[in-house]
Amino acid sequence: MTQELTTATVTEEHTGPRTGWWRDAVIYQVYVRSFADGDGDGIGDLPGIRARLPHLKDLGADAVWLTPFYLSPQADGGYDVADYRTVDPLFGSLSDADDLVREAHRLGLRVIVDIVPNHTSDQHPWFRAALAGGPERARYLFRPGKGADGGLPPNDWESVFGGPAWTRAPDGDWYLHLFAPEQPDLDWDHPEVRAEFDSVLRFWLDLGVDGFRIDVAHGMVKAAGLPDIGASEQAKLIGSQVLPFFDQDGVHEIHRGWRALLDSYDGERIAVAEAWAPSPERLALYVRPDELHQAFNFQFLTCDWDAERMRETVDASLAATGAVGAPTTWVLSNHDVVRHVTRYGGGERGLRRARAAALFTLALPGSAYLYQGEELGLPEVTDLPDELRQDPAFHRAAGQDGFRDGCRVPIPWTADGPSYGFGEAAPWLPQPDSWRGLSVASQSGDPHSTLELYREALALRRELPGLGDGTMDWLPAPRGVLAFTRPGFVCTLNTLGHEVQLPLPGRPLLTSGAVEFDGTSTLLPAESAVWWAI
Ligand code: NOJ
């Protein structure tokens, strides 16, 4: 069935029950290559994930987001897709994907898959045909170069990974790639590109997935005429201003079309935008009622450990998404950024802050995204040998994303074994020796462990009616301390490097550090968060 859907064709009878499950969902990101290796080749895969799904269930997640596992030459960790309907043999087969979705559903977990619509792989049949001079060329952005012999790129755009955003094809024209040369950008003005992605979405929806994480959701539409920017170091401008290749208004029409498509399926399928927008207000445009359900809140992720700035960011995020009726998302880490234990200073201090930040964000209204291993308090691995690094940004000089292998090291499950339970073989990136003590098995049952802190936080989040979706109010607090209340509940965060005395807010439920209290007051430990029942 390839019926074209417009908003007008979608009626209530096409849609399933609207539960709004995503408004307060805790969604766990699995970086497929680094989660669990089922076939002993040192690389994570779908059967490996399926076998480890009980971990997500025990943790208390509502859904899992899987990074791309489609057929790919892996020039950018699978974000270079050669066939959107095939599972790369590295990760398993289509029937493994089907089994994984079914097993997740059996456990009560929803499954979100990554979709990469801004670019394909240079090995995608369309691009190969385009290079051979076929009509498929019109589905990409080929342009003649500048200069006497066309030897200069068509404009001054730079790749996010460093270097020019253009590569010259053998016939002399140049093609655009906002990321690596192996990731040619599609031309979304071409109707066949739009039709193809509708069909790809349907393929995975028909298989039963519950939604999509949309890669570079702000990038598909480029400004007419592809104008120069007139500035270098453009990657640093991303997220601070609208660029001719990012956050163009035209992307919203695409998202509206996809929302209609999602709504035509039962079971409330969702989409979350990876969109780097210059302000919370522009980000909120992606989650208007007829567009996507959620967008990652990178404003909070990039916010310093500073109470005032954190409070401003929370306010700005809630105000912007609230204005369009959408929930905010809270995310501290993902596969593109330095893990937050390390961003917050590393070592014991980094871990202290990371634990506190987790309790703080999990108490805020909205949905939360967790990145695999953050529940173990894993730090960034900063000493990987250069020859093992696979991030194209590393090999093309520091782009916006920096070097991203250090947050992608396979996670430890057990204290022993060649890869701490990740699989039978040595993992594709080596794990530090210290990870033995950070494994799931080592932390399980230890009430002071980060894993048990997350488990308890997620369990309470389910139990307490005041958490999840809804509203919050700030309470008066000394400088450096944040306190907010939700129905029946208070969260305090002490960002300072020393303890702070406060009037007792309530009965302590959960704390990221050892809190002291008597009948009337409490001593909040340095860099800690506490959940209180009131
Ligand atoms: C964002 C993804 O998260 C990142 O890993 C990837 O390199 C770029 N998009 C390009 O697809």
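Let me begin with the largest pocket, which is lined by 24 residues; those nearest its centre are Arg-355, His-448, Ser-449, Ser-512 and Gly-513. I should say at once that this is a predicted model. The volume of the largest pocket is about 450 Å³.

Which secondary structure elements supply at least two residues each to this lining? They are helix H10, residues 347–363, together with H13 and strand E18, residues 507–511. H10 gives the largest share, with five residues. In terms of class, the lining of the largest pocket comprises ten nonpolar, eight polar and six charged residues.

I turn now to helix H13 itself. It runs over residues 450–463, and at 1.5 Å a residue its 14 residues should span 20 Å; the end C-alpha atoms are 20 Å apart, so the expected and computed values agree. How many of the residues of H13 are buried? Ten of the 14 are, and the helix is therefore largely enclosed by the rest of the structure. Among these buried residues are Leu-451, Leu-453, Leu-458 and Leu-460. The buried set also includes Glu-452, Arg-455 and Arg-461, as well as Thr-450, Tyr-454 and Ala-457.

Next, the enclosed spaces. The model contains eight cavities of 30 Å³ or more. The second largest cavity has a volume of about 100 Å³. Its lining consists of 13 residues, and the closest to its centre are Leu-283, Asn-297, Ser-317, Thr-321 and Thr-328. Helix H6, residues 280–284, and helix H8, residues 307–323, each supply at least two residues of that lining. What is the make-up of the lining by class? For the second largest cavity there are seven nonpolar residues, six polar residues and no charged ones.

My next topic is the aromatic residues. The structure holds 28 aromatic pairs. I shall present two of them. In the pair of Phe-161 and Phe-179, the ring centres are 5.4 Å apart and the planes meet at 65°; since an angle over 60 degrees counts as edge-to-face, the pair belongs to that class. Phe-161 lies in the loop between strand E6 (142–143) and strand E7 (166–168), while Phe-179 lies in the loop between strand E8 (174–176) and helix H4 (191–207), so the pair ties together parts that are 18 residues apart in sequence. Are these two rings buried or exposed? Phe-161 has a relative accessibility of 1% and therefore counts as buried; Phe-179 is also buried, with a relative accessible area of 9%.

The other pair is Phe-489 and Trp-531. Here the ring centres are 5.4 Å apart and the planes stand at 75°, so this pair is edge-to-face. It links distant parts of the chain, with Phe-489 in strand E16 (residues 489–494) and Trp-531 in strand E21 (residues 528–533), 42 residues apart. Both Phe-489 and Trp-531 are buried.

Ring pairs also build a cluster, which links Trp-65, Trp-276, Phe-296, Phe-298 and Tyr-369.

Finally, I draw attention to arginines placed over tryptophan rings. Arg-33 lies over the face of Trp-428, at 4.8 Å from the ring centre. Arg-139 lies over the face of Trp-126, and here the distance from the ring centre is 4.1 Å.

To return to the starting point, H13 supplies at least two residues of the lining of the largest pocket, and this helix is largely enclosed by the rest of the structure, as ten of its 14 residues are buried. Thank you.

Definitions and conventions:
Residues numbered from 1 in each chain as written. Predicted model: local features only at pLDDT ≥ 70, side-chain atom pairs only at ≥ 80, totals over all residues. Heavy atoms only, no water. Helix = DSSP H or I, 4+ residues; strand = E, 2+ residues; numbered from the N terminus. Expected span 1.5 Å × (residues − 1). Buried < 20%, exposed > 50% of the residue type's maximum accessible area, 1.4 Å probe, protein only. 1 Å grid on protein atoms, 1.4 Å probe; cavity = no way out; pocket = protein on both sides within 12 Å on 5 of 7 lines; lining within 4 Å. Points joined across faces, edges and corners; volume = space filled by probe spheres on them. Nonpolar A, V, L, I, M, F, W, Y, C, P; charged D, E, K, R; others polar. Phe/Tyr/Trp six-rings, centres within 6.5 Å; stacked < 30°, edge-to-face > 60°. Lys NZ or Arg CZ within 6 Å of the ring centre and 35° of its normal.
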